[in-house]
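Reader: Hi! Could you walk me through this one? I have a few quick questions.

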Amino acid sequence: EDDEISLDLKFVVQIMVGEGSVSALDLKRMSKLDNIDKQAQGSDMYEYYAGVYSTLQEANMQLEEAKLAGFSDAFVFATKDGERITLEKAEVLLKE
């Protein structure tokens, strides 16, 4: 019944996973992107993100920017209500 409520669906661009200290090269690459965020994973690893978007199109545009900046392993993942889900699942939810 509550399907009418807009989905809390977000698309996040992850650019890298690394230790607490980032290399000068990665810092330089990050300076080419906006909205860099990091989140701790375990005791000494961090995931680095380059933006959270409400549409996959916007996230993909930022993903291209991230790849151009040198983050060749960057990718987009989706979250629903704060939980990570697959892009396939997100696309299904968007169609509902």
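Reader: Among contacts between residues at least 6 apart in sequence, what share joins residues at least 24 apart?
Author: In the protein chain that share is 65%, where a contact means heavy atoms within 4.5 Å. Keep in mind that this is a predicted model, where local features need pLDDT of at least 70, side-chain atom pairs count only at pLDDT 80 or more, and totals for chains, interfaces and linings use all residues. Residues are numbered from 1 along each chain as its sequence is written, and side-chain values use heavy atoms, with hydrogens and water left out.

Reader: Thanks! What pattern does the chain follow along the sequence?
Author: The pattern reads β-α-β-β-α-β-β-α, with three helices and five strands. Both kinds are DSSP runs numbered from the N terminus: helices are H or I with at least four residues, strands are E with at least two.

Reader: Let's switch to pockets. What volume does the second largest pocket have?
Author: About 200 Å³. Of the 14 residues that line this pocket, Val-12, Gln-39, Tyr-49, Phe-77 and Thr-79 are the closest to its centre. A pocket here, on a 1 Å grid over the protein atoms alone, is an open set of points where a 1.4 Å probe fits, with protein on both sides within 12 Å along at least five of seven lines; lining residues have an atom within 4 Å of a point. Grid points are joined across faces, edges and corners, and the volume is the space filled by probe spheres set on the points.

Reader: Which strand gives the largest share of that lining?
Author: That is β3, with four residues. Strands β2 (36-41), β3 (45-53), β4 (75-80) and β5 (83-85) each supply at least two lining residues.

Reader: Now Gln-62: buried or exposed?
Author: Gln-62 counts as buried because its relative accessibility is 11%. Buried means under 20% relative accessible area, exposed over 50%, and partly exposed in between, with a 1.4 Å probe and protein chains only. Gln-62 sits in helix α2 (residues 56-68). Leaving out residues up to four places away in sequence, it touches Val-13, Leu-33, Asp-34, Ala-50 and Tyr-53.

Reader: And what about Ser-43, where does that lie?
Author: Ser-43 is in the loop between β2 and β3. This residue counts as exposed, since its relative accessibility is 75%. From Ser-43 to Glu-96 the C-alpha to C-alpha distance is 39 Å, and the two are 53 residues apart in sequence.

Reader: Last one: how much of the chain is buried?
Author: Buried residues make up 33% of the 96 residues.
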